[in-house]
Amino acid sequence: MKLAGLKSIENAHDESVWAAAWVPATESRPALLLTGSLDETVKLWMPDELVLQQNNTGHCLGVVAVAAHPSGIIAASASLDSFVRVFDVDTNATIATLEAPPSEVWQMQFDPKGSILAVAGGSSASIKLWDTATWKLIDTLAIPRPESSKPTDRGGNKKFVLSVAWSPDGRRLACGSMDGTISIFDVNRAKFLHHLEGHYMPVRSLVYSPVDPRVLFSASDDGHVHMYDAEGKSLIGAMSGHASWVLSVDVSPDGAAIATGSSDKTVRLWDLNMRAAVQTMSNHADQVWGVAFRPPGGAGVRAGRLASVSDDKSISLYDYS
Amino acid sequence: MASVYIPVQNSEEEVRVALDQLPRDASDILDILKAEQAPLDLWLIIAREYFKQGKIDQFRQILEEGSSPEIDEYYADVRYERIAILNALGAYYSYLGKIETKQREKEEHFILATQYYNKASRIDMHEASTWVGKGQLLLAKGDVEQAFAAFKIVLDGDRDNVPALLGQACVEFNRGRYSDSLDLYKRALQVYPDCPAAVRVGIGLCCYKLGQFEKARKAFQRVLQLDPENVEALVALGIMDLHTNDASGIRKGMEKMQRAFEIYPYCAMALNYLANHFFFTGQHFLVEQLTETALAVTNHGPTKSHSYYNLARSYHSKGDYEKAGLYYMASVKESNKPHDFVLPYYGLGQVQLKLGDFRSSLSNFEKVLEVYPENCEALKALGHIYVQLGQTEKAQEYLRKATKIDPRDAQAFLDLGELLITSDTGAALDAFKTARGLLKKGGEEVPIELLNNIGVLYFERGEFELAEQTFKEAVGDGIWLSFIDDKAYSYANDARTSMHHFKDMQLFHQLEEDGHFVELPWNKVTVLFNLARLLEQLNNTKTASILYRLILFKFPDYIDAYLRLAAIAKARNNIQLSIELVGDALKVNDKGPNSLCMLGDLELKNDDWVKAKETFRSASDATDGKDSYATLSLGNWNYFAAIRSEKRAPKLEATHLEKAKELYTRVLVQHNANLYAANGAGVVLAEKGHFDVSKDIFTQVQEAASGSVFVQMPDVWINLAHVYFAQGNFALAVKMYQNCLRKFYYNTDSQVLLYLARTHYEAEQWQDCKKTLLRAIHLAPSNYTLRFDAGVAMQKFSASTLQKTKRTADEVRSTVAELKNAVRIFSQLSAASNLHFHGFDEKKIETHVGYCKHLLEAAKVHCEAAEREELQNRHRVELARQVNLAEEARRKAEEQRKFQLERRKQEDELKRVMQQEQHFERVKEQWKSNNLNSKRKERSQIDDDEGGQSERRRRKGGKRRKKDKSRYDSEEARADAMDDQDEMEDEDTNMNHRESTNQMNNQDDDGEDDAQDLLAAAGLEDSDAEDDMAGPSSGNRRKRAWSESDEDEPQDQRPESSPVRENSAEVQESDGEIKDDNDKPNGDAAEDDED
């Protein structure tokens, strides 16, 4: 279990790179890396040489999130101005522009089947669900407010939703908020199930294990990565080691490892059996905002790939084996 | 048996007196002697016989009678015998004087002796034996030079006079001229080979003194052959045996001493040596007995000194320092010359050091050093004393010298290291490392304390790996290893849920149940704590927390472990748990200032102002105000209190500031090197506008704070940046903020980013400002103030671009884009305010939206204009090209002079073009006037807006309205130019924003404005009455919260107010600092115990 640097592109964007996701391979082309940046562009890169395929403009105020449809045909990007742009990966044709004011847009993710796009709705304390066929808002999963708090209470702000994650079976949706709590929803019944506690600082990234739909990993500003039994409401393990905020977490396709990106400029690889960091990559010169494992599939591509993006404007690609 | 015959007067008969049957009463024999007028030599013989038999009184009686005036008269012509009698008496009294210990009697004896000798001299002043006697007397009196003269007189007359030779030998010996003395002894022996064995003792001593030990030994042995009972020879041989320094020699020596003691129990020398021996065998009772006897029998200074020394040493080793000190003192007094006998000085120094009399101890050790300038023990002792006296430099000097002299003395390096810890950690580390190396080389076990100190020093220097190694070496093997190496992994994971409870001990119980041995030796607790602290620094909080809990499991009173656990919880923002843990620490000691301070910080974090102040107070009281941290916290509290107020109570602010300053100053007086207090003082000064002074302070603090991982002070960087900012040095301020962000916050602090944005804003670097704010939003998504600020920045950018006289169409286009963004941001804020309470007045935002839309409209016109201008420019370029073409054509025409007609046609065309251009020019003029019109329109629109606002405000009533009103009046008056208006609009924004927060409060308070003013006024009188002021605390608290968001405004009119949060940061930081302070004393304390 190790990472080996393959390629780094300095100044991949003109400004900090804030988001990264892999667009799954289609019949006609391999998987592509999708990145979003403060420079208001979204770029597509071809591995392993990270050749720039496309440079999408049109966003304002910095791109905070990108997501790719499991089919690999469409993708979405979101910016600080709270617009989500859905576009055709290959042609860059805009398919839809989504907004659900006054809710802002943070992280987003397509469900495993590709029929719903879930968007973390910031101060609305909810997740917005968009139908990927009609691009209509189909539901809003709101985190119930504690009974005691009045709408004017400042505490209301704390359920600010930052991150979302679909369970691999598509039945559950988890979201992380500014106050550190993680909320679990039953998607089919559109029902809030419970909170997962343990973090008291913003949870900026969440991911379900691909091999065990109960296991959820969370990355928080408290420098820890937690491993929860999302159904049993219990904390399985806490992994410490990062010197600052953990900004991003992704799990390897084989489910044996997770990678994290942190404000401490490092990317770490964690062995889930040992629950310890086995490798630390320090090639970035500033905060690492995103890490993403390439999904399996595609024409004869078996090798594992991990991409990381950073405030230092660079993108790095690693071989994971 | 010998007898004497006393001739009977006037007859041939003689009275036979058997010498061994002398009558007990000397008067009998005296009568006979007198009656028979016996020759005086008989008197002497008989007297001597009495003396030999120990009948001293009879001896004296006969001699005194024999020297009476009658006898003088009667035997006037018998000179020699009379002299002999007198000399005998003189010698007798000299001897008495010599052995007498009491000074007065001694004197008296010597006086008598002198009298007799003088009398003898009067009879014949050339008599050699008298001179010899006198010489002996003078020797006994210690008058060596005169004795020398006396013996010389004799020897000048008869160079073979044996007694004189011996006397002179003695004199020379005393003068230290041993070889001369030896010659004299030898001559005496040659002249008189049968002289008593004692002469050979003299020879032996001379040889000894001359370093000819073998000869000396032979001499002494010869003495013993001649006189097996000769104590002096025995003692001398014994000493020589002892000095061989091997076991058999010592044993032989001691046997001889013992024999000497058996022969003559009052030989001080032998007694001392015996005592010395028994001191080493630990028989202190014997030591005391022997030395006391020795003291009683001798008055020879050095010997007595030695005896006292033995006695003192005995008491010293028994721990009776008072007595030991007295005897050492007596010993020193007896010898008085450190060069002769330095040991008692050393002992005295030790005892005085022990008793805390550093000055005296110092002078004694210095005397030792005079004699042995390279004595390491004395150097170390002196170093230690100088440490105690606070003269660290001198102490260092001595310890350095000690380590230089003996580079294998681990203890010296240890001491040196400990001394250097406070001043020069690098050198201290080197010293400790050397000590460790020496100990290892010597095969000794390296003390845990030493390893601990080395570890802490590595830690402090940021060499974490080495620190970890060292700590691990120090803690050695134990249950903790399995936690550190994750071997007890299954257990750790079974306790996975408890990981977060921090207080859970189940893990250890379970381990014990499973038969594991959960043990933690007391002397390893500190090291383990430090190791845990290091793991924490390395972000391995999981293991650190287990180790802290292990400590608590075994030592539930270890407050620091609770506090560290609390700090971990606090770092993860789990305030409630943190408070619980501090509560546990307070259960152990409810007056612990550290726990109280931490609690205070937590309460501040919880916005519990009044409680926090009380807690800090009690922390301060618990230490009689000596705990700088508590005082500092109170100072910070006051500082926050000063600037949190609603800017309506400058007096209250001043009182708080003054109080804060006073508290900082108090800390500085106690600890003039306290960085945090200096920083605080700098902040207060900056607050008062003394930027230059505060800049100096901050710069110094910044310098001092670098170099140790235990001192992390981002605050001072920020404060320095604030000062640069306030002084208008934006470039430096930006650099400083950026460095601070990178160095301390991993670029994650949105607050510092906000400061940075504010600086860019002031420097009119709009794009940088915007980008910085966007980064800040990305870091702190729920902070809507940042969005508002971003909107304002974009608005300002657009406005300023539009004001430029020259601009490209691209610029205008981007302006339009920015304005659209601004509009979107403001409208989003406006929409979100329905949902959430983020401190902005909806209407104010709407005003912004309105204004931006207007600008947008204006910009559209601008944009068109710019585009047209661009078009025109393009035309112009085209024209120029055509003109060029024409020129060329003309040249061609001129060259050829053939196509004149064509040329004219072209000229016509040119004219037409000119006309066209003029037309354009006119059109442009028209547009410009159009612009002016639109501007005017805009302004009125905004005035309308403002009118609306003031109306709204009027509803609120109160005097503030008036103020606002007047402000707006003046504004309107000045609002002639677009530029001005923009500016005002911004300020206005700012003001309004502040107002709006007030209004929020007002809404909450149901118009209790006046009441609050009153309360504020009450607080004004005494900042300490603050507690009372907090009556409607909920309102107050909220207000503070909003005042905070107020500060966040980049357009804040008072740049100095931004140091606010640094101090809150400082509070957080410095708790770590306090902890570290604790760490080291822990290690040192352990060290002390070891001592």
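Two residues count as in contact when heavy atoms lie within 4.5 Å. By that rule, 53 residues of chain A are in contact with 41 residues of chain B. The model is predicted.

**Interface of chains A and B**

The area buried between chain A and chain B is about 4,400 Å². Carbon and sulfur atoms give 54% of that area. The polar side of the interface can be listed as well: five salt bridges are found across the interface of chain A and chain B. One salt bridge joins B:K770 and A:E40, with the closest N and O atoms 3.8 Å apart. Across the interface of the two chains there are also 22 residue pairs in polar contact, both residues being at pLDDT 80 or more. On the side of chain A that touches chain B, β20 (224–229) and β21 (234–240) each supply at least two residues. The largest share of that side, four residues, comes from β21(A).

**Chain B as a whole**

Chain B contains 53 helices and two strands. Of its 1091 residues, 53% are buried. Among contacts in chain B between residues at least 6 apart in sequence, 59% join residues at least 24 apart.

**Annotated repeats**

For chain A, an unreviewed UniProt entry places the feature "repeat: WD" at residues 10–45, 56–97, 154–195, 196–238 and 239–280. For chain B, an unreviewed UniProt entry places "repeat: TPR" at residues 128–161, 197–230, 342–375, 376–409 and 714–747. The table gives the end-to-end C-alpha distance and the secondary structure content for some of these spans.

| Span | End C-alpha distance | Helix | Strand |
|---|---|---|---|
| Chain A, residues 10–45 | 13 Å | 0% | 47% |
| Chain B, residues 128–161 | 8 Å | 82% | 0% |
| Chain B, residues 342–375 | 12 Å | 79% | 0% |

The A:E40 of the salt bridge with B:K770 has a number that falls in the annotated span 10–45 of chain A.

**Helix α29 of chain B**

Helix α29 covers residues 506–513 of chain B, and B:L507, B:F508 and B:L511 in this helix are buried. These residues lie on the same side of α29(B) because they cover an arc of only 95 degrees around the axis. On the other side of α29(B), B:Q506 and B:E513 are exposed. Just after the helix, B:G515 takes a positive phi of about 85 degrees.

**Backbone details in loops**

In chain A, the peptide bond from A:P47 to A:D48 is cis, with omega near -10 degrees. A:D48 sits in the loop between β4 (42–46) and β5 (51–56) of chain A.

Positive phi values also occur in residues other than glycine. A:K265 has phi near 75 degrees and is not a glycine. A:K265 belongs to the loop between β23 (257–262) and β24 (267–271) of chain A. Its relative accessibility is 25%, so A:K265 counts as partly exposed, the partly exposed class lying between under 20% for buried and over 50% for exposed.

In chain B, B:N573 is likewise not a glycine and has a positive phi of about 70 degrees. The loop that holds B:N573 runs between α32 (559–571) and α33 (575–588) of chain B. B:N573 also counts as partly exposed, because its relative accessibility is 30%.

Methods:
Residues are numbered from 1 along each chain as its sequence is written. Chains are lettered from A and ligands numbered from 1 in the order in which they are written. This is a predicted model: local features need pLDDT of at least 70, side-chain atom pairs count only at pLDDT 80 or more; totals for chains, interfaces and linings use all residues. Side-chain values use heavy atoms; hydrogens and water are left out. UniProt positions are given in the numbering used here, feature names are shortened, and annotations may be inferred rather than shown by experiment. Buried means under 20% relative accessible area, exposed over 50%, partly exposed in between (1.4 Å probe, protein chains only). The arc is that of the directions from the helix axis to the C-beta atoms. Buried area is the accessible area (1.4 Å probe) that two parts lose on being put together, summed over both. A salt bridge is a side-chain nitrogen of Lys or Arg within 4 Å of a carboxyl oxygen of Asp or Glu. A polar contact is a pair of N or O atoms within 3.5 Å; within protein, one must be able to donate a hydrogen and the other to accept it, and residues adjacent in sequence count only if both atoms are side-chain atoms.
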